[in-house]
Structures are given as C-alpha cells and as structure tokens.
Amino acid sequence: MGSKVWVPAVSGPLAPYAAGFASWLRSRSYSPSAAADRLCQFDQLSRWLEREGLGVGELTGEQAERFIAARSAAGRVTWVAPQSVMLPLAYLRELGVAPAPAPVIVQGPLEELLADYRRYLLVERGLSDHTVLDAYGPVARLFLAGREGPDGLELERLSAADVSMFLARECPKRSVSGARDLVCALRSFLRFLHLAGLTEAPLVWAVPSVADLRDRTLPRGLEPAAVKKLLASCDRRRLVGRRDYAILLLLSRLGLRAGEVGAIQLDDVDWRAGLLLVRGKGGRHDELPLPVDVGEALVSYLRRRPRGECRVLFLRVTAPRRELNRSTIGWVVRAACDRAGLPRVGAHRLRHTAATGMLRQGASLAEIGQVLRHREQKTTAIYAKVDRNALRALARPWPSQGGAA
C-alpha cells in the first residue's frame with residue numbers, strides 16, 4: 001500500500017480541488033514529503049487568489065506570474081521561480097476549471113509560412129515533433145532570415161544563386177555531418193516551397209551534395225570487453241541501475257536508436273510471443289524477437305518501476321515520472337562510460353556495436369539490415385568492410401621476391 005499524502009486545510013477558491021490535487025501528485029509518483037510541499041504551495045496560491053478577489057476561472061498564466069512576483073516582492077525564497085507554479089496550473093487546466101493557455105498568434109508572412117511548413121512535415125511527411133522543431137524548422141527560418149520586407153518574402157524571386165550563397169555562408173561553419181544535415185533540411189524546405197506553388201522552379205537541384213566520407217571509414221563498434229564494463233557499471237540493486245542496464249542492453253543487443261528506446265510503451269512487449277514492437281523513424285513500426293537476457297533485464301526493471309498513469313516503459317527516477325527523450329538516453333550511455341572508465345561514446349555507437357557483434361557471430365548483411373531496420377541495402381553494406389574473414393578471401397597474395405618482374 002502506498003503512503004498517504006497529507007492534505008493541508010486549504011482555504012480559498014482552490015479548497016474543493018485540494019484532495020484531487022493530492023491524488024494527482026500521488027499518481028505521478030511524488031514522494032509524500034514532495035507532495036506535502038506542493039500542497040502547501042497550492043494553499044498559498046489559493047489564499048492569494050482570495051486576497052485578490054479572483055476565482056479559479058480567472059487563474060491565467062499572467063495571474064500565476066503575478067502570484068510569483070508577489071511572493072518574491074515579499075522576500076519569500078520558495079516557489080518564486082516561474083516554472084514552479086506550472087504544476088498546480090497544469091492540474092487545474094486538466095480539470096477544465098482554469099483557463100487554457102492563450103493560443104500563440106502567428107503574425108507575419110514568415111511565421112505563417114513556417115507554421116504551414118511544420119504542418120506539412122508532421123502530417124504529410126510523418127516526421128516527429130523533435131525532428132521538425134530541432135532540425136528542419138530552424139534551417140528554414142535561417143534560410144529565410146532577412147527576406148521579409150514590405151512586399152512579403154518575395155519567394156517568387158528566389159533563385160539558385162540565393163541557395164548557393166546561403167550554403168557557401170553556412171556550410172563552412174559546420175562539421176561534415178552538420179553540413180550534411182543542413183543540406184538535407186534545405187532540400188526538404190525547397191521541395192515544400194515548390195509543392196505549395198510558392199516558387200516556380202524546383203530549386204532542389206541547386207543544392208549540391210556534401211562529400212560523403214562515411215564509406216571511407218570503418219563503422220566503430222565497441223569491443224565485447226568494453227560492453228561488459230558498461231553493463232557491469234550499472235548498480236542493479238537500485239532502480240536507476242536496473243533501468244540503465246535494460247537500456248544499454250536494448251542499444252547494444254538489438255541496435256535500437258536512442259529515440260526508439262525512449263518511445264517503447266508498456267504494451268509494446270509481447271511476453272507470450274517474445275516480441276518487441278519498435279516505433280521507428282517516420283512512424284514505421286517493426287517487431288523484433290526479444291532475446292532472453294534483454295527480457296530478463298526488462299522484468300527486473302518492471303518489478304521496481306513506479307506505478308503511474310504514464311504508459312512509457314522507461315521513466316525518470318524522480319517525480320514527475322516522465323518518459324526519457326533521446327538526449328536523456330544518450331546521457332545514460334555517457335554516464336555508464338564515466339563509471340566504467342571508458343572514453344565517452346554516444347548511443348549510436350552501441351547500434352554499430354550490435355551490428356558488428358552480429359557480423360562476428362556469422363550473421364549475413366541481409367539479416368543485420370533486418371534487425372537494424374535499414375531502408376536501403378547500401379546502409380548495411382558499410383559493415384562489409386569490418387568482415388575481415390570475408391575480405392581476406394578476396395585479397396590477392398603478395399608477390400614473392402623471386403617472382404617475375
């Protein structure tokens with residue numbers, strides 16, 4: 001049985017919602033002490049509303065900021081950060097008793113165009129919010145910077161020279177991979193402009209390819225001994241250790257991407273069939289066999305995983321219990337490297353580790369491509385270069401010194 005949350009005697013317009021707020025906090029795995037602190041804040045907010053002659057229906061974001069400012073002006077040191085009031089505000093908005101945040105009004109032709117482009121990427125192309133907001137949207141904004149004038153964006157005058165000048169200015173500021181990402185996002189935006197009828201010519205042809213150096217280097221996976229050190233660094237007596245151990249196994253054994261690990265839902269594991277549903281890029285769903293050791297690690301974590309409303313498999317260890325994004329998954333890997341005394345690597349290196357490990361055990365490139373869910377065979381073909389046994393048969397013998405000149 002869970003610990004009961006102390007509910008203070010809340011007075012003022014928020015009093016009818018105090019017990020519900022306590023249950024809401026408990027469902028999000030707040031400890032009794034943290035929930036009690038939040039309920040004290042709830043009481044203080046309610047008393048402030050009463051002094052100001054406001055009801056819960058008037059608790060807007062602006063009024064919440066006034067509450068924070070009043071506490072700061074009175075010399076208070078707790079609950080004076082703007083984000084601190086967002087938790088009770090979110091609860092009251094969920095109930096529908098506090099006004100929803102005012103919609104952001106898109107102003108100007110640039111913002112309207114970028115909003116249309118974001119909708120196109122999300123709906124038509126099936127990209128994730130993270131990709132749209134962090135990769136494609138910023139490049140489109142950067143490309144159009146300075147074009148807005150009295151006559152609008154004047155996209156009909158956009159030319160190949162504008163594209164070349166933009167790339168000549170921005171690519172030298174980036175690494176090879178960064179330049180490649182820039183070019184990819186710019187092609188997408190130029191394609192959208194033509195499809196929307198905003199440019200007469202399809203300027204995608206004006207974007208050159210960035211020299212692809214991937215095929216000149218070997219994919220770098222970790223050695224089995226290094227993987228063992230990473231896994232051994234997780235203290236599985238603790239909840240966070242069990243969680244991180246399961247995450248590292250999914251990355252290094254199944255070759256999942258960081259975002260795919262963070263997206264796993266509780267219902268995605270078919271325990272009877274021994275299958276795992278992987279929510280991949282572009283809305284693609286695939287099922288992979290669940291190895292015994294990975295399944296055992298998941299069971300060990302689930303036995304200690306806090307209960308709550310969130311259906312995502314891997315959660316933060318501190319309240320509020322939320323899903324882990326791909327950046328946090330990357331930090332799990334880097335923290336394991338630090339504990340194991342290894343040079344830091346990213347989560348994607350463990351994907352390479354899974355591929356090279358399968359190759360070492362005799363898997364074919366086609367089988368590796370199926371596990372990694374590559375769309376194109378050429379993506380998997382890079383691992384042929386680390387199959388030294390297969391390459392050795394192709395090597396011609398070195399001519400002896402006594403051979404003919």
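Helix α14 gives the most to the lining of the second largest pocket, with 5 residues. Keep in mind that this is a predicted model. The helix covers residues 347–360, and α9 (224–232), α10 and β3 (285–289) join it in supplying at least two residues each to that lining.

How much space lies in the second largest pocket? About 440 Å³. The lining has 19 residues, and the closest to the pocket centre are Ser252, Arg253, Ala354, Gly357 and Gln361. By type, the lining divides into 12 nonpolar residues, 4 polar and 3 charged.

Staying on α14, look at threonine 353, which lies in this helix. Is threonine 353 buried or exposed? Its relative accessibility is 8%, and the cut-off for buried is under 20%, so threonine 353 counts as buried. Setting aside neighbours within four places in sequence, threonine 353 is in contact with Gly221, Leu222, Val227 and Ser252. Ser252 came up a moment ago, among the residues closest to the centre of the second largest pocket.

Next, helix α12, residues 292–304. With 13 residues at 1.5 Å a residue, α12 should span 18 Å, and its end C-alpha atoms are 19 Å apart, which agrees. Which residues of α12 are buried? They are Val294, Gly295, Ala297, Leu298 and Tyr301. Viewed down the helix axis, these buried residues fall within an arc of 160 degrees, so they line one face of α12. What do they pack against? The partners are α10 (239–253) and β1 (269–270). Helix α10 is also one of the elements that supply the pocket lining. On the face of α12 turned away from the buried side sit the exposed residues Val292, Glu296 and Arg303.

Last item, proline 109. Where is its place? In helix α5, residues 108–124. Proline 109 has a relative accessible area of 36%. Buried ends at 20% and exposed begins over 50%, so proline 109 is partly exposed. Not counting residues up to four places away in sequence, proline 109 touches Glu148, Gly152 and Leu153. One distance to go with that: the C-alpha atoms of proline 109 and aspartate 151 are separated by 9.9 Å, with the two residues 42 apart along the chain.

To recap, α14 supplies 5 residues to the lining of the second largest pocket, threonine 353 in that helix is buried, α12 has its buried residues along one face, and proline 109 in α5 is partly exposed.

Conventions:
Residues numbered from 1 in each chain as written. Predicted model: local features only at pLDDT ≥ 70, side-chain atom pairs only at ≥ 80, totals over all residues. Heavy atoms only, no water. Helix = DSSP H or I, 4+ residues; strand = E, 2+ residues; numbered from the N terminus. Expected span 1.5 Å × (residues − 1). Buried < 20%, exposed > 50% of the residue type's maximum accessible area, 1.4 Å probe, protein only. Arc of directions from axis to C-beta. Contact = heavy atoms within 4.5 Å. 1 Å grid on protein atoms, 1.4 Å probe; cavity = no way out; pocket = protein on both sides within 12 Å on 5 of 7 lines; lining within 4 Å. Points joined across faces, edges and corners; volume = space filled by probe spheres on them. Nonpolar A, V, L, I, M, F, W, Y, C, P; charged D, E, K, R; others polar.
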